[in-house]
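Biologist: Before we use any terms for this fold, could you show me the model and let me ask how each term is justified?

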Amino acid sequence: MSTPSSPGGPSLKPLPPVEHPAGADLANNKILVVDDEARNIFALSALLRRFHVDVLSAERGAQGIELLAHTPDVDLALVDIMMPEMDGYATMRAMRGLPSGQRIPLIAYTAKVDSGERQRCINAGASDYVSKPVDTAQLLRVLGEWLSAVPVHSA
């Protein structure tokens, strides 16, 4: 079943066959997804759960900050840049001010692909950057690299 595409619609390519990304084991990690678009949250959550990732989600930057502040065992956060009220830049800067936000990778993802966007994300606190539409293989590779560099948080 295909979903119609719209300017604010899903920005993920179809799910790849279930395979482990090269050298990465995502299982037993907790990832926070912050995106104002419910369809993106759904698609990312479905993908990550295929790899046995515990997924938390927030539809606003402030909600994502609150979740991170009260969920110290989050291992990584995926943060959309183009959100209303509080954009991803402000969200990541605030997350970096939290004790748990200082230790975890923050991965920015956005449809803004103009020159300098990656650096703007890094300057706001991102550990890495993935452009939309998200290539699932690239996303899984980036997540695997960052999660393998950070010890899995034990409950």
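Modeller: What follows goes from the sheet to the helices, and the model is a predicted one.

Biologist: What makes strand 3 and strand 4 a pair?

Modeller: Two strands pair if there are at least two bridges between them. Strand 3 (residues 76–80) and strand 4 (residues 106–110) are joined by 4 bridges, so they count as paired, and they run parallel. Within strand 4, Ile 107 is the residue that stands opposite Leu 78.

Biologist: How are the strands of the sheet ordered, and why are strand 2 and strand 5 called edge strands?

Modeller: The 5 strands form an open sheet in the order 2-1-3-4-5, with parallel pairing. Strand 2 (54–58) and strand 5 (128–131) each pair on one side only, and these two are the edge strands. Neighbouring strands of this sheet are turned by 20 degrees against each other on average, with direction ignored.

Biologist: Which strands does helix 3 touch as it packs on the sheet?

Modeller: Helix 3 (residues 88–96) touches strand 1 (30–34), strand 3 and strand 4, and its direction makes about 155 degrees with that of strand 3.

Biologist: What is the handedness of the crossing of helix 1 and helix 6, and which residues make the contact?

Modeller: The axes of helix 1 (residues 38–49) and helix 6 (residues 136–149) come within 12 Å and cross at roughly 60 degrees, and the crossing is right-handed. Leu 44, Leu 47 and Leu 48 of helix 1 meet Thr 136, Leu 139, Leu 140 and Leu 143 of helix 6. By class, this contact has 6 nonpolar residues, 1 polar residue and no charged ones.

Notes:
Residues are numbered from 1 along each chain as its sequence is written. This is a predicted model: local features need pLDDT of at least 70, side-chain atom pairs count only at pLDDT 80 or more; totals for chains, interfaces and linings use all residues. Side-chain values use heavy atoms; hydrogens and water are left out. Axes are lines fitted to C-alpha atoms, for helices over the stretch in contact, and angles run from 0 to 180 degrees between N-to-C directions. Contact means heavy atoms within 4.5 Å. A crossing is left-handed if the near helix is turned anticlockwise from the far one by less than a right angle, and right-handed if clockwise. Ala, Val, Leu, Ile, Met, Phe, Trp, Tyr, Cys and Pro count as nonpolar, Asp, Glu, Lys and Arg as charged, and the others, Gly among them, as polar.
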